[in-house]
Amino acid sequence: MHGLSTELEDVSEVEYRQLRLERVVLAGVWSEGSSEDAENSLRELAALAETAGSQVLAGVVQRRLRPDPGTWLGKGKAEELKEIVVAEGADTVIANGELAPSQRRALEDVVKVKVIDRTALILDIFAQHAKSKEGKAQVELAQMQYLLPRLRGWGESMSRQAGGQAAGGQGMGSRGPGETKIELDRRRINTRMAKLRREIAEMKTTRDTKRSGRRNNNVPSVAIAGYTNAGKSSILNRLTNAGVLVQNQLFATLDPTVRRAETPDGRGYTLADTVGFVRDLPHQLVEAFRSTLEEVADADLLLHVVDGSHPDPESQISAVREVLADVDASDVKEVIVINKADIAAPDVIDRLMRHEKHCIAVSARTGEGLPELLQLIADELPRPDVRVELLLPYERGDLLSRVHADGDVLGVEHRPEGTHVHAKVTKELAGELEPYLTSSVA
């Protein structure tokens, strides 16, 4: 069978399934902010829908203080939406918010086509783009968490128990089998979620081991975070020649990439690309990707990439910071990197430069500002801070190499008894060099 129909006549027993999003109409409830904010939000939903592979035909926004508890949109607007769906020949409505199961069913009853919400759409995109074993497990866990409270079925396999005179007047012995199928589905999902959590915990151990290895070797770390499609992967490629996939598409890369780079003065550090963020990122995804996002929390420096050409870059910055606060990464030293400076309006760049304390404008496409960004990284990374004077025997060339690689060498003199070195090193390296110290000053 080629795909699954999204029309209500063809429904499966499990509510969440692969969606064939082809011809869609968008619907939004505007309850706060300006009309421009509402338009930008719907425009972003359209970009998400197109990323999922659908064709956006029309959009409807209703101004309300709060969504209708029954049909999410008001009844009149829901009827108007139905007319648009019929006129456009749409097969799906995408709501720009998270709907309660009852709201979605009620809206489906009115518009007579499949209704999905923004959360389901983002989960679907993540499922399409996850490539690594860890990424797939994280996305599947998020899907299961979303699915569990939304299980629903039709027909006799979901018949409720009844007994006594209530059983169609037929008395005892005529009870239905009860909701056995839905309970079975719930048990299966809970079992699968437990298995996925174990797998992700095991992968997290591997990631933590690699991270602690880099920390033990005193390799500083820089994390790149930002709104989806802001150009994080492009900047990573520019800084490290990493060869990471770059597409003008939301959530094109989900799997984190860690690459080695060097400062202009030759100090090594790691550069980690993370999953892109989006406004109201489903909390299921934040939880599922927590182990990945911990790369940011453990970093020495955060490059927060912002799309300077976006109509409202400030809202993107706020959305990213909300997620970073959720994963305890809000204390990391942050530099705002305004990307796409070649096409951004100069007044937008000026405004961001004034409002953000640490800020730099670059263009990953043209290379503008990248040398300055590399120098800024070098200036902000922690430097060795223990001043030492050493006399290293000539047979300990390995230690001399370490001092050059991991420290700041201030002076070298070759003497008959060995190499006299004046340098700044880390506390850990100073401990290893202790037998050869002539003096040290912290």
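How much space lies in the largest pocket? In this predicted model, about 890 Å³ of space lies there, and the tour reaches that pocket after a look at the sheet.

Begin by selecting the four strands of the open sheet, which follow the order β2-β1-β3-β4 and pair in parallel fashion. At the edges you will find β2 (55–63) and β4 (114–117), each of which pairs on one side only, and as you pass from one strand to the next the twist averages 25°.

Next, select residues 23–30, which form β1, together with residues 92–95, which form β3; these two strands run parallel and are joined by four bridges. Within this pair, display Leu26 of the sheet and look across to β3, where Ile94 stands opposite Leu26.

Now add helix α2, residues 75–88, which lies across β1, β2 and β3 and runs at about 165° to β2.

Then turn to the largest pocket and show Glu32, Ser41, Asn96, Arg279 and Asp280, which, among the 34 residues of its lining, lie nearest its centre. To see which elements contribute, colour β1, α1 (35–51), α4 (118–129), α8 (283–288) and α10 (313–326), since each of them supplies at least two residues of the lining. Helix α10 deserves a separate selection, as α10 gives the most to this lining, with six residues.

Finally, colour the lining of the largest pocket by residue class, where you will find 14 nonpolar, 10 polar and 10 charged residues.

Methods
Residues are numbered from 1 along each chain as its sequence is written. This is a predicted model: local features need pLDDT of at least 70, side-chain atom pairs count only at pLDDT 80 or more; totals for chains, interfaces and linings use all residues. Side-chain values use heavy atoms; hydrogens and water are left out. Two strands pair if DSSP finds at least two bridges between them. Axes are lines fitted to C-alpha atoms, for helices over the stretch in contact, and angles run from 0 to 180 degrees between N-to-C directions. Contact means heavy atoms within 4.5 Å. On a 1 Å grid over the protein atoms alone, a cavity is a set of points where a 1.4 Å probe fits but cannot get out, and a pocket is an open set with protein on both sides within 12 Å along at least five of seven lines; lining residues have an atom within 4 Å of a point. Grid points are joined across faces, edges and corners, and a volume is the space filled by probe spheres set on the points. Ala, Val, Leu, Ile, Met, Phe, Trp, Tyr, Cys and Pro count as nonpolar, Asp, Glu, Lys and Arg as charged, and the others, Gly among them, as polar.
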